[in-house]
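Let's take a walk through this one together. Have the viewer open and follow along.

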Amino acid sequence: MIRLNNIHKSYEMGSNSLHVLKGIDLHIEQGDFVSIMGSSGSGKSTLLNILGMLDNYDKGTYHLSGNLIANMSEKKSAKLRNEMVGFVFQSFNLISFKNAMENVALPLYYKGIPRKKRNQIAMEYLEKLGLKEWAHHMPNEMSGGQKQRVAIARALISNPKIILADEPTGALDSATSYEVMDILKDVNDSGITVIIVTHEHDIAAMTSQIIRLNDGRIHEIIRNGELKKFQKNYIHGLETA
Amino acid sequence: MFDLDLWSEIVSALKKNRLRSFMTAFGVFWGIFMLIIMSGAGKALENGVLDGVRAFATNSAFFWTERTSVPYEGFQRGRRWSYENADIQYIRENVKEVEYLSPRLFGNFQGGTNTVRGERTGTFNMYGDYPDYFKIDRWTPVKGRLINEIDILQERKVCNIGERVVEVMFGKEEDPIGQYLKISGVYYQVVGVIHAETRINIGGGKKEETIIIPFSTMQTAYNMGKVVHFFSVTSQKGTKVSDLEEKLKKILKERHKVAPEDLQAIGSFNIEKEFVKFSALFLGIQVLTWIVGIGTLLAGVIGVSNIMLVIIKERTQEIGIQRAIGATPATVIKHIVAESVFLTVMAGYIGLSLGVGLLELLNQILIKASESGSEIFFRSPEVNLTMALSALGVLVISGIIAGLIPAKRAVSIKPIDAIRDEG
């Protein structure tokens, strides 16, 4: 599904070059539920951007569903994003002047689906996420959890293969965070690959695979069976702190 | 290709960003509105002044006499003299450049009340004219007919009267045609009510208060001998009236023993010269209108660009989101440009309509005012449509550019940076 091979990425900061990713090798299979962790500056967001085709890389190869993602035109990558990837952001990033239903329907607009049809589909997704009554509310009338659910509905509406979530719970309290994670879990259960970036261990612990980045390299990958141990270590870490 | 979905997206985006839309639109609206008002006012001034003279033959010149200022051939300076019938006859026969020639006599010499009909009396300007005069300073008959050659030949006691004369000397129901007026002691039959097409009035007074009788009748009836007070000429096509004016002056000086270097003895006036002055004036006004118009346009353009620059930030994030969920850069640019074009065209159209509407309102007021008799040198404000539309074109193009710059910027940065661009 996702196959990264020796990915390098550096940013030009004036005259300095900041080497963010220093050779990432990663396989993610269809249906995985993955979290990417790491301290700030470890390159986790950059990695997510590359996965989501929002950013390009300098060296290495990235195959998505067998296609090599490299040097694509904006047009082509936008189309591929629209078909393959759904995004969920920390700050929700709903369009403020569109109501919930219109926000959810937006990706279909870019696919050229007529208004009536896409609004109808959007309603179905909102209903799935328990937001039917909120369909005609503007984003600023909704709580953070509701907004994130709208954002998830928007990410799902184009039937993506992958959901990429950048700190999806970063702006939410813990109860709402768990709700959102439950939704993402359901999404994953339906066969969609979910990749989230987070710095919260308890959130990461709900995924089936944790990729820990450190200084632009993969530090460790913790798989499902080892999660219990990870949780224990984490609690232990908290106690000693 | 009309894309209903695109337009409904645009309209809803504009509707939901009311302040932004309004501010952008207002800049354009104001630019167009001011331009319309400015150019309309300039045109109105031009119309106002030119209306009064337009019907006047532009190739006409007028002559009268003054006291001499140079002693000549035994005559002292300060001599009074006047033209005579023989002069008119001579010019008619010998000066081929003359198209129309019309001598004139001024009546109402004593001043005061000169016109009587039963119990009604009035004071009016009285002239003795040839029919050719109506071709130089145009008059049209409202009722009846103009004075003609036969009236001149037979020295008929007939008169043409202005509209004000009718009001004063006749009741509302009465038909003045065929009635008699006693003017300076002599009875004349009214043969026509006449209306002046110009507002230049030789001899002063209001043109509605004019009585015109045949030239020959006036000379005979009031014992004026062969004297001619005044005459008007127009030049043949291809001859400049200024040249004709000089030629006639020379002839007249020779015939009346006036010193060739005497600049005062012959009073004259030629419309051509005045028209040149007017033309220069209106060229000036037009240039001014353009300068101010372009200035206002520029202000409008700057206004639009300013607003657009202000909204870049807000837009940047919005565009980032749209791109993350599958909008291509082309779609994004198409949207923003369509938005600004829609906005500028709408605003421009409203500015255009309101400006034209206001001018039309002004026009109605001016028409009322001029009907009530006031002299207004400001009439029929009108707008050069080509100018207005090209101004609108400039605004629309600037709207596109103003929309394109932030759109290009937003598209050039990575979607993720745009999304992260908080607040």
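How many residues does the contact take from chain A, and how many from chain B? Keep in mind that this is a predicted model. The contact draws on 22 residues of chain A and 21 residues of chain B. On the chain A side, the elements giving two or more residues are α2 (74-84) and α3 (100-111). Of the elements there, α2(A) gives the most, with six residues. As for chemistry, the chain A side that touches chain B splits into eleven nonpolar, four polar and seven charged residues.

While you're looking at α2(A), pick out A:E83, which sits in that helix. Is A:E83 buried or exposed? Neither, quite: A:E83 has 15 other C-beta atoms within 10 Å, so A:E83 counts as partly exposed. The cut-off for buried is 20 or more such atoms, and for exposed 12 or fewer. You can also draw a line from A:E83 to A:L108: they're 25 residues apart in sequence, and their C-alpha atoms are 10.0 Å apart in space.

Now turn to the strands of chain A, starting with β7(A), residues 162-166. Five of the five residues in β7(A) are buried, so the strand is largely enclosed by the rest of the structure. That goes for both faces: A:I162, A:L164 and A:D166 are buried on one side, and A:I163 and A:A165 on the other.

What does β7(A) pair with? One partner is β6(A), residues 85-88, which runs parallel to β7(A) and is joined to it by four bridges. Here A:V88 has A:A165 as its bridge partner. Another partner is β8(A), residues 193-197, again in the parallel sense, over five bridges. A:A165 turns up here too, with A:I196 in β8(A) as its bridge partner. To get from β7(A) to β8(A), the chain passes through helix α6(A), residues 174-189, and this β-α-β crossover is right-handed.

From β8(A) you can step across to β3(A), residues 33-38: the two strands pair in the parallel sense over four bridges. Why is β3(A) described as largely enclosed by the rest of the structure? Because six of the six residues of β3(A) are buried. A:F33, A:S35 and A:M37 are buried on one side, while A:V34, A:I36 and A:G38 are buried on the other. β3(A) also pairs with β9(A), residues 209-214, in the parallel sense over five bridges. A:I36 is a handy residue to click on, since you can follow it both ways: A:I36 stands opposite A:V197 in β8(A) and opposite A:I211 in β9(A).

There's an antiparallel arrangement to find in chain A as well: an open sheet of four strands in the order β2-β1-β4-β5. Its edges are β2 (16-28) and β5 (67-68), each pairing on one side only. Further in, five bridges connect β1(A), residues 2-13, with β4(A), residues 59-64, and these two run antiparallel. To place that pairing by eye, look for A:H8, whose bridge partner in β4(A) is A:K59.

Finally, swing over to chain B. Chain B has 13 helices and 14 strands, and 36% of its 423 residues count as buried. Among the contacts in chain B with a separation of 6 or more, 82% come from residues 24 or more positions apart.

Conventions. Residues are numbered from 1 along each chain as its sequence is written. Chains are lettered from A and ligands numbered from 1 in the order in which they are written. This is a predicted model: local features need pLDDT of at least 70, side-chain atom pairs count only at pLDDT 80 or more; totals for chains, interfaces and linings use all residues. Two strands pair if DSSP finds at least two bridges between them. A crossover is right-handed if, with the strands pointing away from the viewer, the path from the first strand over the helix to the second runs clockwise. Two residues are in contact if their C-beta atoms, placed from the backbone, lie within 7 Å. Ala, Val, Leu, Ile, Met, Phe, Trp, Tyr, Cys and Pro count as nonpolar, Asp, Glu, Lys and Arg as charged, and the others, Gly among them, as polar.
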